[in-house]
Amino acid sequence: ALSRPRRLTTMQPKTWARALLADHPPAMLRSERDPARREEVRRVLAAHVPDAWKDGPTLCLGCGDGFEMDVLRERGFKNVHGITNDPAERAADPLIFLGDVHDMGMLGDGEISFLYSKETLEHLISPWCALLEMNRVMRLGGEYLHLVSTGIEKQRETYHMSCFPDWV
């Protein structure tokens, strides 16, 4: 006789976050405070983010402590917000939404002109679902800049949920 298949359940984003943080406490995940990484962010934003997006709504995904938001504001970006799933980071800046990149229900369709993220997609359970959600909140003609880690050593870090080949 065949046994009945087990009912599959979905894990809510908060449950995923608790599971991830149980193995990788926040202090391990916060390399953005490193001066070399901060300089890298400044260099990348200066080289790759056009001034044309300064007046439109900008969203930094997985914004951490908001450093990228501050750099964009220094460059003259007027309407910069961030999103994080860490309540401690959310408390640091009222323009940081507490939420999940997979479901940005706090934002309406076509609300954002420019999306930015650095080393975020590889930490997501389902980056392809997150890309669909980013597409939903981005205006027609908007732009998305994402920087992803490359190389086998970087990609195989234990807190990376998804891996991308160098050609991505």
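Student: Which residue stands opposite Y116 in β5?

Tutor: Welcome! Y116 faces L145 there. Please keep in mind as we go that this is a predicted model.

Student: How many bridges join β4 to β5, and how do the two strands run?

Tutor: Strands count as paired if DSSP finds at least two bridges between them. Here six bridges join β4 to strand β5, residues 138-147, and the two run parallel. On the way from β4 to β5 the chain passes through α6, and this β-α-β crossover is right-handed.

Student: Which other strand is joined to β4 by bridges?

Tutor: That is β1, residues 58-61, joined to β4 by four bridges, again in a parallel arrangement. To find a spot to look at, pick L61, which stands opposite S117 in β4.

Student: How many residues of β4 are buried?

Tutor: The general idea is that a residue is buried if its relative accessible area is under 20%. In β4, seven of the seven residues are buried, so the strand is largely enclosed by the rest of the structure.

Student: Now the rings. How is a pair of aromatic rings described?

Tutor: Two values do the job: the distance of the centres and the angle of the planes. In this model the count comes to two aromatic pairs. W53 and F114 form a stacked pair, with 6.3 Å centre to centre and 20° between the planes. This pair links distant parts of the chain: W53 is in the loop between α3 and β1, F114 is in strand β4, and they are 61 residues apart. As for exposure, W53 and F114 are buried.

Student: And how far apart are the ring centres of F77 and F114?

Tutor: Their centres are 6.4 Å apart and their planes lie at 40°, so the pair is tilted. It, too, links distant parts of the chain, with F77 in the loop between α4 and β2, F114 in strand β4, and the two positions 37 residues apart. Both F77 and F114 are buried. Put the pairs together and you get a cluster of W53, F77 and F114 linked by ring pairs.

Student: How many residues does the largest nonpolar core have?

Tutor: A nonpolar core is built from buried residues of certain kinds, joined through side-chain atoms within 4.5 Å. The largest one here has 16 residues, and F77, F114 and Y116 are among those with the most contacts inside it. The elements giving two or more residues to this core are α3, α4 and β4. Of the elements, α4 gives the most, with four residues.

Student: Which residues does V49 touch, leaving out those up to four places away in sequence?

Tutor: V49 touches V44, L72, R75, F77, F114 and L145. V49 is also one of the residues with the most contacts inside the largest core. There is a second, separate core as well, with 14 residues that include L61, I112, V137 and M138.

Student: Is L107 buried or exposed?

Tutor: L107 has a relative accessibility of 6%, which is why it counts as buried. You will find L107 in the loop between β3 and β4. Sequence distance and distance in space are worth reading side by side: L107 and V137 are 30 residues apart in sequence, while their C-alpha atoms are 6.5 Å apart in space. Beyond residues up to four places away, L107 touches L59, F97, I112, R136 and V137.

Student: What about polar side chains? Which backbone oxygens does the side chain of T120 reach?

Tutor: T120 reaches the backbone oxygen of L61 at 3.4 Å, and that of K118 at 3.3 Å. T120 lies in the loop between β4 and α6. With a relative accessible area of 9%, T120 is buried. Leaving aside neighbours within four places in sequence, T120 is in contact with L61, G62 and H146.

Student: Where is E133 found, and which side chain does it join in a polar contact?

Tutor: E133 is found in helix α6, residues 127-137. A polar contact of 2.8 Å joins the side chains of E133 and R136. A polar atom of the E133 side chain also lies 2.7 Å from the backbone nitrogen of M104. At 11% relative accessibility, E133 counts as buried. Apart from neighbours within four places in sequence, E133 contacts V101, H102, D103, M104 and G105.

Note on methods:
Residues are numbered from 1 along each chain as its sequence is written. This is a predicted model: local features need pLDDT of at least 70, side-chain atom pairs count only at pLDDT 80 or more; totals for chains, interfaces and linings use all residues. Side-chain values use heavy atoms; hydrogens and water are left out. Buried means under 20% relative accessible area, exposed over 50%, partly exposed in between (1.4 Å probe, protein chains only). A polar contact is a pair of N or O atoms within 3.5 Å; within protein, one must be able to donate a hydrogen and the other to accept it, and residues adjacent in sequence count only if both atoms are side-chain atoms. Contact means heavy atoms within 4.5 Å. A crossover is right-handed if, with the strands pointing away from the viewer, the path from the first strand over the helix to the second runs clockwise. Rings of Phe, Tyr and Trp (its six-membered ring) pair if their centres lie within 6.5 Å; planes under 30 degrees apart count as stacked, over 60 as edge-to-face and the rest as tilted.
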